[in-house]
Amino acid sequence: MSFYKNTALLLCLTASALAQKPATHVFHYDNILGTSMELKLHTASAGDTNRAEKAVLSEIERENKILSAWQSNSEFSRWMKTHNTPVKVSPELLEVLALFDEYRQQTGGALDPSAETATRLWKLAAVENRVPTPAELSRAVEKMQQQHWILDKAHGTATHLDDAPVALNSFAKSYIAGHAAEKALTAGANGVLLNIGGDIVVRGDLTERVAITDPKAAADNDEPIDMVRVANRTIATSGDYRRGFDIGGQHYSHLIDPRTGETAENVISSTVIAKDPAMAGALATAFSVMQPEESKKLAAKLSGVDYMLVLRDGSTITSAGWQNREVPRLVTTGFAPATKTAGLDVMINFEIARIDSPRYRRPYVAVWVEDQDHFPVRTLALWFAKPRWLHELKQWYRDDQMRNMAEGTDLTATLSSATRVPGAYTLRWDGKDNSGKQVKPGKHTILIEAAREHGGYDLLRQEINLDGKTPAKFSLKGKAEVGTATVDYGKH
């Protein structure tokens with residue numbers, strides 16, 4: 001073999017080896033199944049990555065067309081319009097309806113898809129600034145306790161029986177996520193993590209540190225209440241801190257006990273780890289409704305289920321095996337301290353502009369604070385996928401010193417939390433710099449910068465007077481990547 005042939009062969013082998021180098025790729029999307037989605041793929045090549053990403057998105061889109069209760073043309077919505085007639089349905093819809101029957105029986109009625117009946121009642125009452133009357137709740141309970149359907153698995157049919165409003169959202173997300181993760185592995189990924197609105201499926205050659213959102217401090221950079229290691233499991237969290245009804249100055253949980261029609265107020269967050277995605281999602285919802293003793297008895301009957309409950313008074317209850325999943329607290333400086341300031345702090349709320357496309361990826365985002373000399377004193381969030389595109393965040397990236405200031409602010413742990421509104425994020429600034437020291441009183445500027453590859457760019461600024469005594473709230477409007485934002489300096 002000649003020198004040139006040997007060289008060419010060597011180059012081919014080298015290129016092949018480089019192409020096969022395993023790597024982990026992370027993608028963020030908003031407005032997937034009505035919430036945000038994080039996808040992490042461990043693959044051997046760029047081709048595998050592309051195929052796995054496409055497979056995940058296609059499966060989610062396919063199953064959403066079957067199971068969505070919010071799309072009028074979904075298979076589920078069309079089936080709900082039928083009555084007392086056996087209808088041939090897809091295997092997925094038949095399976096989900098059967099799972100609801102199973103979990104309804106196991107939880108003694110605490111998990112019921114017709115809880116939507118009581119949810120609508122509470123929504124209507126909240127508009128009128130009142131709680132539902134006992135008679136209204138009684139009628140809702142009677143409707144929820146009816147038999148909603150009859151399934152014929154042999155013939156693949158489902159017969160819809162009543163007119164109770166039904167939604168499949170308690171575990172449909174995790175059910176779909178489980179199937180999408182399997183599709184990613186089939187398409188070539190070695191490992192996959194799929195986080196849809198806080199329900200997280202981990203499969204294959206991937207282990208993930210998952211932070212559990214503190215329901216009493218639920219900003220995206222608040223310190224989590226716990227951190228666990230997850231491999232080949234699903235972790236799901238349900239809680240009342242992101243949604244609910246505000247009536248007469250009091251907040252009521254959006255989670256309803258179908259047995260009484262009352263809102264579930266004792267457990268404010270429940271996190272469940274299980275092998276099966278649907279089971280994790282179903283139990284996370286049910287354990288928010290059930291009393292802790294009921295949850296303990298049910299979990300003891302099931303294999304490989306661990307949980308953590310946070311009660312209204314802030315105390316926690318965990319299963320016997322939970323501590324074996326906990327990992328040392330590796331809290332970065334990007335998280336705010338667990339003990340919130342006794343005085344005023346700054347809450348920054350912003351929404352990523354909603355683009356009606358499941359392929360739309362979240363832009364790179366940096367949120368930070370500058371002092372009156374325009375020196376960056378604190379980076380609150382830096383969300384990105386590939387470091388080589390960080391320069392697109394032009395203002396934040398303007399010199400090496402600023403980049404160094406942000407070390408440790410990438411919240412790399414995946415968050416399990418109650419379902420978030422798509423594209424909506426909340427950050428807290430406690431008035432301290434990156435080293436944890438209180439900054440001097442005076443003028444400071446909050447900056448929100450968002451840039452998307454081949455997309456738009458936004459930079460929002462808001463100056464505040466950090467005097468420790470004068471609350472102020474500001475509204476900002478983005479153009480391309482950021483929808484709206486508020487900067488709220490006050491006591492939270």
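These legends describe views of a predicted model.

**View 1. The whole chain, with 10 helices and 24 strands.** The chain has 492 residues, and 54% of them are buried. Its accessible surface comes to about 22000 Å². Carbon and sulfur atoms account for 52% of that surface. Take the contacts between residues at least 6 apart in sequence: 66% of these join residues at least 24 apart.

**View 2. K40 and its surroundings in strand 2.** Strand 2 covers residues 35–43. K40 has 11% relative accessibility, so it counts as buried. Its side chain makes a polar contact with the side chain of E208, at 3.1 Å. Beyond its neighbours within four places in sequence, K40 touches several residues, including T24, H25 and V26. G191, V192 and L193 are also among the contacts of K40, as are L206 and E208.

**View 3. Strand 14, covered on both faces.** Strand 14 spans residues 306–311, and 6 of its 6 residues are buried. D306, M308 and V310 lie on one side. Y307, L309 and L311 lie on the other.

**View 4. The pairing of strand 13 with strand 14.** Strand 13 holds residues 267–274. The two strands run antiparallel and pair over 6 bridges. V272 stands opposite Y307 of strand 14.

**View 5. The hairpin of strand 14 and strand 15.** Strand 15 is made of residues 316–318. Strand 14 pairs with strand 15 in the antiparallel sense over 3 bridges. Here V310 stands opposite T316 in strand 15. The hairpin has 4 residues between its strands. In the turn, G314 has a positive phi of about 95°.

Methods
Residues numbered from 1 in each chain as written. Predicted model: local features only at pLDDT ≥ 70, side-chain atom pairs only at ≥ 80, totals over all residues. Heavy atoms only, no water. Buried < 20%, exposed > 50% of the residue type's maximum accessible area, 1.4 Å probe, protein only. Contact = heavy atoms within 4.5 Å. Areas by Shrake-Rupley, 256 points an atom, 1.4 Å probe, with all protein chains shown as cover. Polar contact = N/O pair within 3.5 Å; in protein donor to acceptor, adjacent residues only side chain to side chain. Pairing = 2+ DSSP bridges.
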